Amino acid sequence: MAVQQQQQFLLVVVVVVHMVALAAGGRQQFREAPQFYNSPECPPPTGRGNGGNSGDEEEEHSTSSTVCSDDIVHVAMTLDGTYLRGSMAAILSILQHSSCPENIDFHFITSDDASSASLRRAISSSFPYLRFSLYPFRSSALSATPLDRPSPAVLAAPEYCNANFTSYFTPTFWSNPSLSLTFAGRRPCYFNTGVMVIDLHRWRAGDYTAKIEEWMELQKRMRIYELGSLPPFLLVFAGNIAPVDHRWNQHGLGGDNFRGLCRDLHPGPVSLLHWSGKGKPWARLDANRPCPLDALWAPYDLLHPPFPLDS
């Protein structure tokens, strides 16, 4: 897993995981990670405060790490107790493999206020020098005013056009012309919603949050799709995705969701490893039944008792 520093433009990487039970986070104890420093060629991270891990722990988020600058890369991740162990490993890997780790700001979105303090403590304890903000998610904060100005360059991700696209939607969807014609004139391809690059200015201008939520509301009333977060994104963006090289999301390492089989890497070079799927590496390691590629994840595990950490 790696983040490449960009000095001329800003990348926003969104890592999406399911927000489920948060209680598990309080039972996990993590080691402190080493501090990582910028290489000499990095621009100085100027105009910033003491980071999101300072001050009152009950504060919802820090504004000190939200500076808009072409020299700063912002990484947004959802955060919960169940997947905290994997999130810790991802943070460590991003910092370790970046040439300018001090120029990375993390933005963590939590599913409710009750868990915010414990998650903040966990992140601050393992990464005392990390620049981060934490945002409890509130549905009431979402705008309900649509702006009908969508753009095909809002979202970028690796696409996979050989997947069986029809399997993501139910017979109810395909039998209803007013729904199935949503894809008319488009070339819909699978893309993984776990790793995306988003132009936030265009996202807000087109009110894409509301567009996705409209499909989710319809899903409540009549089941039109399967498999979680991907289908509503497909309904809005499929066929209008800016291409990203597949090496930036070597996804599916969590295994085959139907049979639980281990998966290998995609052909070609690798820049980011993504254990998407049901089989998480920490669960397989704990059960002493790892897949071969789980050994690549193990050195970044900060849970006590630790796996060896390669420096």
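**Exercise 1. State which pairing the bonded cysteines of the chain follow when numbered in sequence order.**

Solution. Numbered along the sequence, the bonded cysteines of this chain pair as 1-2, 3-4, 5-6. The model is a predicted one. The structure contains 3 disulfides, and the exercises below treat each in turn.

**Exercise 2. Determine the handedness of the disulfide of Cys42 and Cys100, and locate both residues in the chain.**

Solution.
- Step 1. The sulfur atoms of Cys42 and Cys100 lie 2.0 Å apart, which is within the 2.5 Å cut-off for a disulfide.
- Step 2. Because the torsion about the S-S bond of Cys42 and Cys100 is about -90°, this disulfide is left-handed.
- Step 3. The pair joins distant parts of the chain, 58 residues apart. Cys42 belongs to the loop between strand 1 (12-15) and strand 2 (73-78), while Cys100 belongs to the loop between helix 1 (84-97) and strand 3 (104-110).
- Step 4. Both Cys42 and Cys100 are buried.

**Exercise 3. Establish which parts of the chain the disulfide of Cys161 and Cys189 ties together, and classify the exposure of Cys161 and of Cys189.**

Solution.
- Step 1. Cys161 and Cys189 form a disulfide with their sulfur atoms 1.9 Å apart.
- Step 2. Cys161 is found in the loop between strand 6 (159-160) and helix 3 (171-174), and Cys189 in the loop between helix 4 (177-180) and strand 7 (190-191); the pair therefore ties together parts 28 residues apart in sequence.
- Step 3. The value about the S-S bond is 100°, and the link of Cys161 and Cys189 is right-handed.
- Step 4. Cys161 has a relative accessible area of 38% and is therefore partly exposed.
- Step 5. Cys189 has a relative accessible area of 2%. Buried means under 20%, so Cys189 is buried.

**Exercise 4. Carry out the analysis for Cys262 and Cys291: handedness, position in the chain and exposure.**

Solution.
- Step 1. A disulfide is formed by Cys262 and Cys291, whose sulfur atoms are 1.9 Å apart.
- Step 2. The torsion about the S-S bond of Cys262 and Cys291 is about -85°, so the disulfide is left-handed.
- Step 3. Distant parts of the chain, 29 residues apart, are linked by this pair. Cys262 sits in the loop between strand 9 (242-243) and helix 8 (281-286), and Cys291 in the loop between helix 8 and helix 9 (294-297).
- Step 4. With a relative accessible area of 42%, Cys262 is partly exposed, whereas Cys291, at 7%, is buried.

Key:
Residues are numbered from 1 along each chain as its sequence is written. This is a predicted model: local features need pLDDT of at least 70, side-chain atom pairs count only at pLDDT 80 or more; totals for chains, interfaces and linings use all residues. Side-chain values use heavy atoms; hydrogens and water are left out. Helices (H or I, at least four residues) and strands (E, at least two) are DSSP runs, numbered from the N terminus. Buried means under 20% relative accessible area, exposed over 50%, partly exposed in between (1.4 Å probe, protein chains only).
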